[in-house]
Amino acid sequence: MENTQRVNHTSSSSSFTCVMSLDQQGVSSIPERYVFPASQRPNPNVQISTTIPIIDLSSLHDPSLRSQTIRKIASCSKELGVFLVINHGIDQYVMDDAKETARQFFNLPSEEKMKLYSDDVNKPVRYDTSFNHVKDEVYCWRDFIKHYSHPLSDWIHLWPSNPPTYREKMGNYAQETQVLQKQLAELIFESLGLNPNYLEEEIKEGSQVLAVNCYPACPEPGLTLGILPHSDFGLITILLQTRPGLEIKDKDNNWARVPYVEGSLVVQLGDQMEILSNGLCKSVIHRATVNCEAKRLSIASLHSLGIDTKVGPAPKLVDDQRTKSYKDFSFREYLNFLSSNDISKGRFIDTLKVKP
Ligand code: OGA
Ligand code: NI
């Protein structure tokens, strides 16, 4: 592989080659800039995790199954920080429409997408490639658009106007995930022994960011990644995807593939949930791999408390045995961290840990 002629890849802040255009050019090897050091490359032998449960949310309506489901949510929130949900209440056509409109967006000519380009992580709508292509030393095989999404009427006019159905279809999906995340937060809180309505108002008025990701087929998937290992900053992330590719760090700190189950959604706990639970729950470290067969699309709906609302350990989960293990933080403080740090070098949550 190393004897292939690699294209030197240069970018400035205002112009870059997105991976969609590398794909359209039909490159047969990836440019040098995308080649990860050997230690960070994906392992082709990674196994599909057998411990990530599939939670059937319809079981919550059955009194004889409900407590068992809550226990399942408790144990996987604590051990892994990830589970799949089925019968989650979001219609298949809403999910399919969101994926299709994402596909149409990334198929647009670069000039059209570049209208929404920004490298400023504080922008409410931002199209870019990799993670932040101005800062990243090695590029990820990913183009994305991120946009604030709740309350929808505050942001939707800033979203892509092309494809013409984008706002309607993505807006429907955003609203439905917003309903689901409230239900999931209540279940997780209940499973931790908190009042299910804990922070109810803050969650209702919280922030939702949709990260719409595009990972084109890649000629050398073993040398690069779609997204670097990270944990999400918020309480809960709901992930919709078109193909397998997501990997998580399991209990033993090994990478494991997340099973792909048609119609399901992946629920990942983020840094705010780990902190709120005073370390009982796990903010899951995850990454995305790419493949040589087909483009993969994903829509990560990141739910957190409001941008300036501080999250700290719930008082009920702090006592003499279990002292307060994290400092409080807000979404804005996370964005400030992102602006001045390289996420491949360290996790934000580690800067918040209180030494016993
Ligand atoms: C994210 C993310 C994973 C994926 O956008 O935060 O982790 O599979 N995406 O696209
Ligand atoms: Ni993520």
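These are my notebook entries on the aromatic rings of this structure, which is a predicted model.

**Entry 1, ring pairs.** I started with the aromatic pairs and found that the structure holds 14 of them. I picked Y34 and Y139 to look at in detail: their ring centres are 5.5 Å apart and their planes meet at 70 degrees. An angle over 60 counts as edge-to-face, so that is the label for Y34 and Y139.

**Entry 2, where the two tyrosines sit.** I looked up their places in the chain. Y34 belongs to the loop between α1 (19–25) and β1 (54–56), while Y139 belongs to the loop between β3 (125–129) and β4 (143–148). The pair links distant parts of the chain, 105 residues apart. Buried or exposed, I wondered about Y34? Y34 is buried, at a relative accessible area of 0%, and Y139 is buried too, at 1%.

**Entry 3, a pair around α9.** Next I turned to Y334 and F348, an edge-to-face pair with 5.5 Å from centre to centre and 70 degrees between the planes. Y334 is part of helix α9 (residues 331–340) and F348 is in the segment after α9, so this pair ties together parts 14 residues apart in sequence. I checked accessibility here as well: Y334 is buried at 11%, and F348 is buried at 8%.

**Entry 4, the cluster.** Which rings join Y334 and F348 in one aromatic cluster? I noted Y148, W155, F233, F329, F331 and F337 alongside them.

**Entry 5, charges over rings.** Last, I looked for charged side chains over rings. K146 has its charged end over the ring of F144, 5.4 Å from the centre. R287 lies over the face of W255, 4.1 Å from the ring centre.

Technical notes
Residues numbered from 1 in each chain as written. Chains lettered and ligands numbered in written order. Predicted model: local features only at pLDDT ≥ 70, side-chain atom pairs only at ≥ 80, totals over all residues. Heavy atoms only, no water. Phe/Tyr/Trp six-rings, centres within 6.5 Å; stacked < 30°, edge-to-face > 60°. Helix = DSSP H or I, 4+ residues; strand = E, 2+ residues; numbered from the N terminus. Buried < 20%, exposed > 50% of the residue type's maximum accessible area, 1.4 Å probe, protein only. Lys NZ or Arg CZ within 6 Å of the ring centre and 35° of its normal.
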